[in-house]
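Visitor: I would like a close look at one part of this model, a pair of neighbouring elements, and then its setting.

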Amino acid sequence: MSASKAVFKAYLLAELLRSRGIVYGLMGMILWMVMFILPMTLFRPQNFPVEVMSGYAFTAILVFMSYSIATWDWAWELRWLMRANILEYVIASGRSIYVLYTGIIPVSLLWMTVAITVVYAVLSALTAPPKLLFKEPLVLTLGIVLLVTVLFSHSMILGGTTISVGTSGPVMEILGWILPITTGGLVPLKNMPSQVQAIALATPYSYPAELIRYSLLGSETILPLQQMIVYGVLYAIVFLVASITYFNLQLKKMLKEGVKTVGMY
Amino acid sequence: MGFLDILRAELRFVYADVFRRKSVLFMFIAYPYILTLFILLVGYSMGSASVFVERVGVDPAIFFITSGFILMAILGVGDDILWRPLFDEWLGTLPYIISSPVSRVQHYISIPIPRLLLVLVSGSTSVVPVLLYYYGLHGLVEGVAIILLTAIAAIFFASIAMVIMGVLYGFGGEHWRAINVIRPLLLVLLGVYYPKYLLPLSGYIVSSLIPSSHIVEAIQRILTGYNPSLQIMFMLIGVATALFILYTPIGVKSIVYWEKRKVGEGVKI
């Protein structure tokens, strides 16, 4: 517990508090949002309600940001530790490597809460307040829990690969863009081409995103709701177990072979 | 050590890395397509291509593949100049670089060139095929013109990136946080994804202070057919060149200032 607290404090200070990190972080995020949202508004027909468009943009950003956190805060952190020669000390301390995550995840969730509030405010200013229905709050809660579970598993796979082969930045970047697109993270699956629908449903990522959109936007899920829930829960559990097993195997491999040397990026 | 020697060293350094890590090479080719796909999917889900054509004057696929390519070229130059001192500092190589007997200014001018050349070549896998598909042979000519103009836009961006780099690093502090704000701000103002002429007046005025924004406007005029007369094109390139000439000496001074600060500080452990 003391180690978890220490890690939490360290990340809270480094990521959010030191040098007004949260202010710079939010400013950067708002500008990226403006850059991508402005062109999307050029697609909106006059008769399409602007608040509905804003709601679509809100959920797309929510899911995309969640993917980014899993990729860059949770998985990429291991690469930072390797590059800064800290990972060896973490291992030598005798603590579980998962202690790191007990500190990082609350900081990420804290950031996410603030960020998503700011997203709402920016969208309201740029277009209109997003129209969010909050239909069946239990479905929304389940969707969020499943999303966190799936994304933690995702970070375990990426993190495991990173400590095993020193995955590079470009690989992470490509995955960070491709995955949300191809797994139905951004757009309701009903609006996607059938090939993308098939790919998305074959991955565990699409189910939480569909549940969240169902509750927030009232968009119809591609499979009946009950099926989405059952498949989503089962898939998330299987993915979590598989990813932790994979990560532990890579960790063992690293302990045998030593920590890899990685480049700057 | 002259400029060409430094450039040769940079070329070897970057290309060895890019060809060793094929993922980097793949990223150069894939990025414009990924960005296009990202915007089109979300855009189509809440509207239609015909509305976009009505407002902007060109098919969104053409507009965004070109935007993605321009973004890669300009962002590449900006990132190389803005991030390199930090990467060198984190890796511990900065003291060696500062103490090496080469002109710091020449070094920083040479840094973005290898990656920029690679991005420009990648125009043949993004802008050119898409324009060829839509417009046939005429598209090929347009594609080549866009690549050349993008090269100018990216080179002109180096001057303002040098000014920012020198000033930012000269003042000290945690530079990466500020860079993470400045990067997207410059990209918004460049008007790559949202044409400058659609920005509010204040945005338009600030945007006009960035040399490359005028070249981006020239490219968008070619694409959309919005008054792409030779006179307007030369005027835009002329304004961009004048701003580039204005900023370059400030950029040079700014890098010299940063170098002096670093030498004054000494090596930090």
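Within how many Å do the axes of α12(B) and helix α13 (residues 230-265) of chain B come, and at roughly what angle do they cross?

Guide: The model is predicted, so local features need pLDDT of at least 70 and side-chain atom pairs count only at pLDDT 80 or more, while totals for chains, interfaces and linings use all residues. Residues are numbered from 1 along each chain as its sequence is written, with chains lettered from A and ligands numbered from 1 in the order in which they are written.

The axes of α12(B) and α13(B) come within 7 Å and cross at roughly 165° (axes are lines fitted to C-alpha atoms, for helices over the stretch in contact, and angles run from 0 to 180 degrees between N-to-C directions). The two helices are therefore roughly antiparallel (an angle over 145 degrees). Their crossing is left-handed (the near helix is turned anticlockwise from the far one by less than a right angle).

On the α12(B) side, the residues that meet α13(B) are B:Pro211, B:Ser212, B:His214, B:Ile215, B:Glu217, B:Ala218 and B:Arg221 (contact means C-beta atoms, placed from the backbone, within 7 Å). Their partners in α13(B) include B:Ile232, B:Met233, B:Leu236 and B:Ile237, and farther along B:Leu243, B:Phe244 and B:Tyr247. By class, the residues of this contact are 12 nonpolar, 2 polar and 2 charged (Ala, Val, Leu, Ile, Met, Phe, Trp, Tyr, Cys and Pro count as nonpolar, Asp, Glu, Lys and Arg as charged, and the others, Gly among them, as polar).

Helix α12 (residues 211-224) of chain B also packs with helix α9 (residues 137-171) of chain B, the axes coming within 7 Å and crossing at roughly 165°. That makes α9(B) roughly antiparallel to α12(B), and this crossing is left-handed. From α12(B), B:Pro211, B:Ser212, B:Ile215, B:Val216, B:Ala218, B:Ile219 and B:Ile222 take part. Among the α9(B) residues they meet are B:Glu142, B:Ile146, B:Leu149, B:Phe156 and B:Ile160. The residues of this contact divide into 14 nonpolar, 3 polar and 1 charged. B:Pro211, B:Ser212, B:Ile215 and B:Ala218 appear in the contact with α13(B) and in the contact with α9(B).

The setting is a chain with 13 helices and 0 strands (DSSP runs numbered from the N terminus, H or I of at least four residues for helices and E of at least two for strands). The radius of gyration of chain B is 19 Å, close to the 18 Å that the globule rule gives for 269 residues, so chain B is as compact as a globular protein of that length (taken over C-alpha atoms; the rule is 2.2 Å times the number of residues to the power 0.38). The C-alpha trace of chain B spans about 60 × 40 × 35 Å along its principal axes. Of its residues, 43% count as buried (20 or more other C-beta atoms, placed from the backbone, within 10 Å of their own). Of the contacts in chain B with a separation of 6 or more, 77% join residues 24 or more positions apart.

Chain B also touches chain A, with 36 residues from chain B and 34 from chain A in the contact. On the chain B side, the elements that give two or more residues are α2 (22-45), α3 (49-56), α4 (60-91) and α10 (175-190). The largest share, 13 residues, comes from α2(B). That side has 25 nonpolar, 7 polar and 4 charged residues.

Methods:
Contact = placed C-beta atoms within 7 Å. Parallel < 35°, antiparallel > 145°, perpendicular 65-115°, else oblique. Buried ≥ 20, exposed ≤ 12 C-beta atoms within 10 Å, placed from the backbone.
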